[in-house]
Amino acid sequence: MRVTVRAVDGDWTCDAILDDPLPEEHREVFDALTGADPVATLHFDGDAGILVDVASVGDGGRLVLTAHERAAQAR
């Protein structure tokens with residue numbers, strides 16, 4: 001997955017694009033999981049990570065990640 005981070009007015013948003021499009025049967029499972037619980041952990045190098053809300057955008061495998069409310073409050 002490739003991730004691009006944008007910061008605007010102290011808030012940040014990530015655009016994530018799956019490197020390889022998911023096969024249709026995997027895409028359905030992925031969509032069901034993000035629909036059931038759209039909160040995930042975005043891991044960085046080492047042990048660092050942050051809770052993010054994940055939303056699918058369009059049919060191209062593009063995702064938008066934003067800081068989850070608990071993670072944003074901890075700043």
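Strand 2 and strand 5 are a good place to start: in this predicted model, five bridges join strand 2 to strand 5, and the two run antiparallel. Strand 5 covers residues 62–67, while strand 2 takes in residues 11–17. To see one of the pairings for yourself, find Ile17 and look across to strand 5, where its bridge partner is Arg62. Strand 2 is also mostly covered, with five of its seven residues buried.

Now follow the chain out of strand 5. In the loop between strand 5 and helix 2, which spans 69–73, you'll meet His68. Is His68 buried or exposed? Its relative accessible area is 17%, and buried means under 20%, so His68 counts as buried.

What does His68 touch, once you set aside its neighbours within four places in sequence? The list is Val39, Leu51, Val52 and Asp53. Asp53 deserves a second look, as its side chain and that of His68 are joined by a polar contact of 2.8 Å.

Those contacts take us to another pair of strands. Strand 3 is made of residues 39–43 and strand 4 of residues 49–57. These two run antiparallel as well, and five bridges join them. Here's one pairing to look for: Thr41 stands opposite Leu51 in strand 4, and Leu51 is one of the residues in contact with His68.

Finally, look at how the chain gets from strand 3 to strand 4. The two strands form a hairpin, with five residues between them. In the turn sits Gly46, which has a positive phi of about 80 degrees.

How values were computed. Residues numbered from 1 in each chain as written. Predicted model: local features only at pLDDT ≥ 70, side-chain atom pairs only at ≥ 80, totals over all residues. Heavy atoms only, no water. Buried < 20%, exposed > 50% of the residue type's maximum accessible area, 1.4 Å probe, protein only. Helix = DSSP H or I, 4+ residues; strand = E, 2+ residues; numbered from the N terminus. Pairing = 2+ DSSP bridges. Polar contact = N/O pair within 3.5 Å; in protein donor to acceptor, adjacent residues only side chain to side chain. Contact = heavy atoms within 4.5 Å.
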